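Trainee: I've got the model open and want to go through its pockets and cavities. Can you put it up and take me through the terms as we go?

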Amino acid sequence: MAKDIGHLIGGKRAAGTSGAFGPIFDPATGEESGRVAMGGPDEVAAAVEAARAAQPAWADTSIVRRARVMFRFKELIEKNMDELAKLVTSEHGKTIDDAKGSITRGLEVVEFACGIPQLLKGEFSHNVGTGVDLLSVRHPVGIAAGITPFNFPAMIPLWMAPLAIACGNAFILKPSEKDPSCPMLLAELLQEAGAPAGIIQVVNGGKDAVNAILAHPGIAAVSFVGATATAEHIYRTGTMAGKRVQALGGAKNHMVIMPDADLDMAVDALMGAAYGSAGERCMAVSVAVPVGDATADALIEKLAPKVRQLKIGPGTEAGVEMGPLVTREHLDKVRSYVDLGIEEGAKLVVDGRDFRMQGYENGFFIGGCLFDGVTEDMRIAREEIFGPVLSVVRKPDYKSAVKIINDHEYGNGTAIFTRDGDAARAFANEVEIGMVGVNVPIPVPMAFHSFGGWKRSLFGDHHTHGMEGVRFYTKQKAITTRWPTGIRAGAEFKMPTMG
Ligand code: NAD
């Protein structure tokens with residue numbers, strides 16, 4: 001039965017007033033499975049009003065009570081894991097196992113947020129002057145909003161909402177219009193866990209909802225994750241409107257394979273990192289950089305048969321390694337990039353363009369694609385394809401391998417495969433990239449560290465989750481105290497000093 005996904009405003013599901021809906025597809029069948037309400041300024045205004053009414057009392061709620069909501073939220077996510085994963089797969093297309101893995105990575109941020117009493121302890125200095133004490137505390141920013149992409153409909157909202165709320169803020173989520181069901185269930189679970197009405201809200205929609213968030217003076221901070229062009233727009237517009245903004249953008253991640261690498265390990269790593277989740281991950285490896293022709297030849301020889309043998313199918317089927325892409329439009333875009341690579345003169349070693357899934361002929365499936373002989377000036381090496389297309393760029397030495405990474409406009413993730421500690425250390429030190437793996441292909445930091453790229457992969461000063469997340473969702477206040485029994489200095493007209 002087709003479903004309608006509305007909004008969650010002031011603690012209740014709401015249809016909204018815009019009257020506009022967008023389609024939701026099941027990527028495996030290609031069928032429209034439901035509709036999502038497309039909110040705008042009215043829905044955002046209603047959510048801000050509810051948030052304003054609820055936030056002061058939430059900020060005054062004791063920190064242990066706020067932590068207990070997170071403990072209960074963690075339990076509810078665990079209890080509902082199967083249902084959450086099913087929703088991710090039915091609208092995104094990734095396999096159930098992959099969906100569960102991504103929800104678990106989000107759950108780890110909830111676990112981190114359970115430690116909020118420790119995280120918000122602040123700093124205290126006794127006797128900075130005789131009888132004078134200095135205290136630094138963190139206050140919530142007020143109302144924060146999160147705008148999230150289609151590729152992680154559970155994990156990325158969970159990068160944001162638990163920390164924002166544990167810090168004492170109200171949080172308004174604007175999920176991707178392509179897969180809104182899982183974020184809606186997560187928000188409802190957070191309410192069930194004890195977040196008061198108005199503290200967690202969902203406004204669904206696209207551009208109009210986003211632009212209303214950016215324009216609303218009641219929203220103090222905006223966290224964004226998505227494509228670079230959108231991230232830049234959101235950063236510029238949001239900061240011009242006086243908001244605090246962290247905007248994480250697109251990526252093109254390289255993996256360097258040194259001649260001394262364990263090649264089987266590198267090949268397995270590449271299979272998962274390039275083709276897992278059909279390449280729709282901001283940390284996917286889309287460029288392999290083998291050093292030396294002998295390394296490159298051996299790599300292609302081992303990789304090509306594995307790419308041909310990828311088990312492709314609906315994400316709900318056991319044993320499937322790669323599901324469909326998210327929409328037909330995206331499938332067409334990925335196919336056209338493969339056509340472009342051929343036109344640009346790269347050698348297509350494995351061609352997945354004509355893959356058809358028996359019984360699912362209208363699904364958005366494509367087979368794994370592998371290019372050799374790619375050069376860094378080609379568009380397939382420069383632009384984010386966001387599909388299961390791996391480009392091999394051969395380089396004669398370590399220095400030229402690092403150069404193409406550092407010359408690239410994006411700086412999200414990268415990895416080196418080697419047994420040489422010297423090379424690994426130099427690589428970690430020299431690459432201008434936010435997240436680096438040594439024999440680890442997708443170096444996504446754990447929840448208690450922070451996630452974020454460099455260059456045009458992130459606009460703003462804060463990475464997401466970990467201590468950077470706590471800092472983003474709070475503002476610092478320094479309080480200097482002296483009591484009448486302390487030593488009195490008399491009236492001071494020069495700049496006051498202590499001691
Ligand atoms: P997207 O930029 O199209 O959409 C992201 C969000 O912005 C959605 O909620 C969407 O409704 C909204 N949006 C889209 N266009 C808009 C516009 N013109 N004005 C205002 N709002 C707009 O991204 P996507 O296709 O959903 O996700 C894929 C992209 O996200 C890839 O580029 C990927 O690399 C990136 N991503 C980055 C990270 C990271 O951590 N850096 C993580 C995941 C995904």
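Mentor: On a 1 Å grid over the protein atoms alone, a pocket is an open set of points with protein on both sides within 12 Å along at least five of seven lines, while a cavity is a set where a 1.4 Å probe fits but cannot get out. Lining residues have an atom within 4 Å of a point. Points are joined across faces, edges and corners, and a volume is the space filled by probe spheres set on them. This is a predicted model, where local features need pLDDT of at least 70 and side-chain atom pairs pLDDT 80 or more, but totals for chains, interfaces and linings use all residues. Residues are numbered from 1 along each chain as its sequence is written, and side-chain values use heavy atoms, without hydrogens or water.

Trainee: What volume does the largest pocket have?

Mentor: About 1100 Å³. Its lining has 45 residues, and Phe150, Lys178, Gly226, Ala227 and Thr230 are the closest to the centre.

Trainee: Why does it lie between the two domains?

Mentor: Domain 1 (3-249 + 457-479) and domain 2 (253-438) both contribute lining residues, so the pocket lies between them. The bounds come from an automatic or database domain assignment.

Trainee: Which helix or strand gives the most to that lining?

Mentor: α9, with five residues. Elements that supply at least two include β4 (21-25), α6 (155-166), β11 (221-225) and α12 (328-343). Helices (H or I, at least four residues) and strands (E, at least two) are DSSP runs numbered from the N terminus.

Trainee: How do the lining residues divide by class?

Mentor: Into 21 nonpolar, 15 polar and nine charged. Asp, Glu, Lys and Arg count as charged, Ala, Val, Leu, Ile, Met, Phe, Trp, Tyr, Cys and Pro as nonpolar, and the others, Gly among them, as polar.

Trainee: Switching to the ligand. Which residues come nearest?

Mentor: Of the 29 around it (a heavy atom within 4 Å), Lys174, Glu177, Thr230, Gly249 and Glu384 come nearest.

Trainee: What are the polar contacts at Thr230 and Gly249?

Mentor: A side-chain N or O atom of Thr230 is 2.7 Å from a ligand oxygen. For Gly249, a backbone N or O atom lies 2.7 Å from a ligand nitrogen. The protein covers 88% of the 840 Å² of accessible area that the ligand has on its own, by the Shrake-Rupley method with a 1.4 Å probe.

Trainee: And how many cavities of 30 Å³ or more are there?

Mentor: Three. The largest holds about 100 Å³, and among its 15 lining residues Gly279, Arg281, Ala284, Ser286 and Phe386 lie nearest the centre.

Trainee: What about the second largest cavity's volume and lining classes?

Mentor: The volume is about 70 Å³. Its lining has 11 nonpolar, no polar and no charged residues, including Phe73, Pro157 and Ile200. α7 gives the most, with four residues.

How values were computed:
A polar contact is a pair of N or O atoms within 3.5 Å; within protein, one must be able to donate a hydrogen and the other to accept it, and residues adjacent in sequence count only if both atoms are side-chain atoms.
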